[in-house]
Amino acid sequence: MAGVGSEVTQCKVGDRVCIFPTIACGKCYACQEGKETLCLKGQILGLVRDGTFAEYTKIPETSLISIPADVPYPQAAIITDAVSTAYHAVVKRGRLQAGEKVAVFGCGGLGHHGVIFAKLMNAAKIIAVDVIPGVLERARQAGADEVVNAREEDASDKIKKLTGGMGVDLGPVVWAWIWHWSSWGAARQ
Ligand SMILES: [Zn+2]
């Protein structure tokens, strides 16, 4: 924190903070229910207001989260988006149970962490689907048991083949532009 405005009450210069990526109004029904990502007046950084490639940016203190001393900046920087979105989809919304099978569609920043959470939840089988070989290799290193290049083969057919025709229990669809995708993109069978 390089500076604070006159109405700031919780933060002070020098605080280590990360940014909740949606600047929420705090007043609409979604905000009142603690679902700030669905805020009716939500402003996505870099989409409808200035992003954070700038050296300095101005953020309301209600959108800041304190970083624990033992968490380094590079990890804290992705926790509020790439990590928390995947957590919400796989653990909270998807309710993945140990022993279940999961297919993660799209294994960029979000899907990569989806694979990691599926592994941490002791999924019986994790199938990673993407179209980029390097991304699929990274997903395998993160814990995917099987990888499917949807550019080279039919993902649906391959998933059925890999699961004895049964399909998977959970299939979070990870697409960067659907910022609240995990509300409806985590389909359970
Ligand atoms: Zn709101």
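In this predicted model, helices α2 and α3 meet along a shared face. On the α2 side the residues involved are A82, V83, T85, A86, Y87, A89, V90 and V91, and on the α3 side their partners are G109, L110, H113, G114, F117 and A118. Two packed helices are described by the angle between their axes and the distance between the axes. Here the axes of α2 and α3 come within 8 Å, with a crossing angle of roughly 50 degrees. That angle falls outside the parallel, antiparallel and perpendicular ranges, so α2 and α3 count as oblique to each other. As for handedness, the crossing of α2 and α3 is right-handed.

Helix α3 deserves a paragraph of its own. Nine of its twelve residues are buried, so α3 is largely enclosed by the rest of the structure. The buried set runs through L110, G111, H112, H113, G114, V115, I116, F117 and A118. Does the length of α3 look like that of a helix, and what should its twelve residues span? At 1.5 Å a residue the expected figure is 16 Å, and the end C-alpha atoms of α3 sit 17 Å apart, which agrees. Just after α3, N122 takes a positive phi of about 60 degrees. This residue, N122, is found in the loop between α3 and β6, and with 11 C-beta neighbours inside 10 Å it counts as exposed, the cut-off being 12 or fewer.

A similar backbone feature turns up at R95, in the loop between α2 and β5. Phi of R95 is near 50 degrees, a positive value in a residue other than glycine. R95 has 13 C-beta neighbours inside 10 Å, so it counts as partly exposed.

Next comes the nonpolar core. In soluble globular proteins, nonpolar side chains tend to be buried together. The largest nonpolar core of this model holds 30 residues, and the members touching the most others are V102, V104, V115, A118, I126, I127 and A128. Two or more residues of this core come from each of α2 (73-93), β5 (101-105), α3 (109-120), β6 (125-130), α4 (133-142) and β7 (146-149). Leaving aside residues up to four places away in sequence, I127 touches A103, A144, D145, E146, V148, I159, L162 and V168.

One of those partners of I127 is A103, which lies in strand β5. How many C-beta neighbours does A103 have inside 10 Å? The count is 28, so A103 is classed as buried. With residues up to four places away in sequence again left out, A103 touches I127, V129, I159, V168 and G171. F20 is another matter: A103 and F20 are 83 residues apart along the chain, and their C-alpha atoms are separated by 27 Å.

Finally, the chain as a whole. It has five helices and nine strands, and from the N terminus on the order of elements is β-β-α-β-β-α-β-α-β-α-β-α-β-β. Its C-alpha atoms fill a box of roughly 60 × 35 × 30 Å along the principal axes. Of the 189 residues in the chain, 30% are buried. Among contacts between residues at least 6 apart in sequence, 52% join residues at least 24 apart.

Methods: Residues numbered from 1 in each chain as written. Predicted model: local features only at pLDDT ≥ 70, side-chain atom pairs only at ≥ 80, totals over all residues. Core = buried A, V, L, I, M, F, W, Y, C linked by C-beta atoms within 7 Å. Buried ≥ 20, exposed ≤ 12 C-beta atoms within 10 Å, placed from the backbone. Helix = DSSP H or I, 4+ residues; strand = E, 2+ residues; numbered from the N terminus. Contact = placed C-beta atoms within 7 Å. Expected span 1.5 Å × (residues − 1). Axes fitted to C-alpha atoms, helices over the stretch in contact; angles between N-to-C directions. Parallel < 35°, antiparallel > 145°, perpendicular 65-115°, else oblique. Left-handed = near helix turned anticlockwise from the far one by under 90°.
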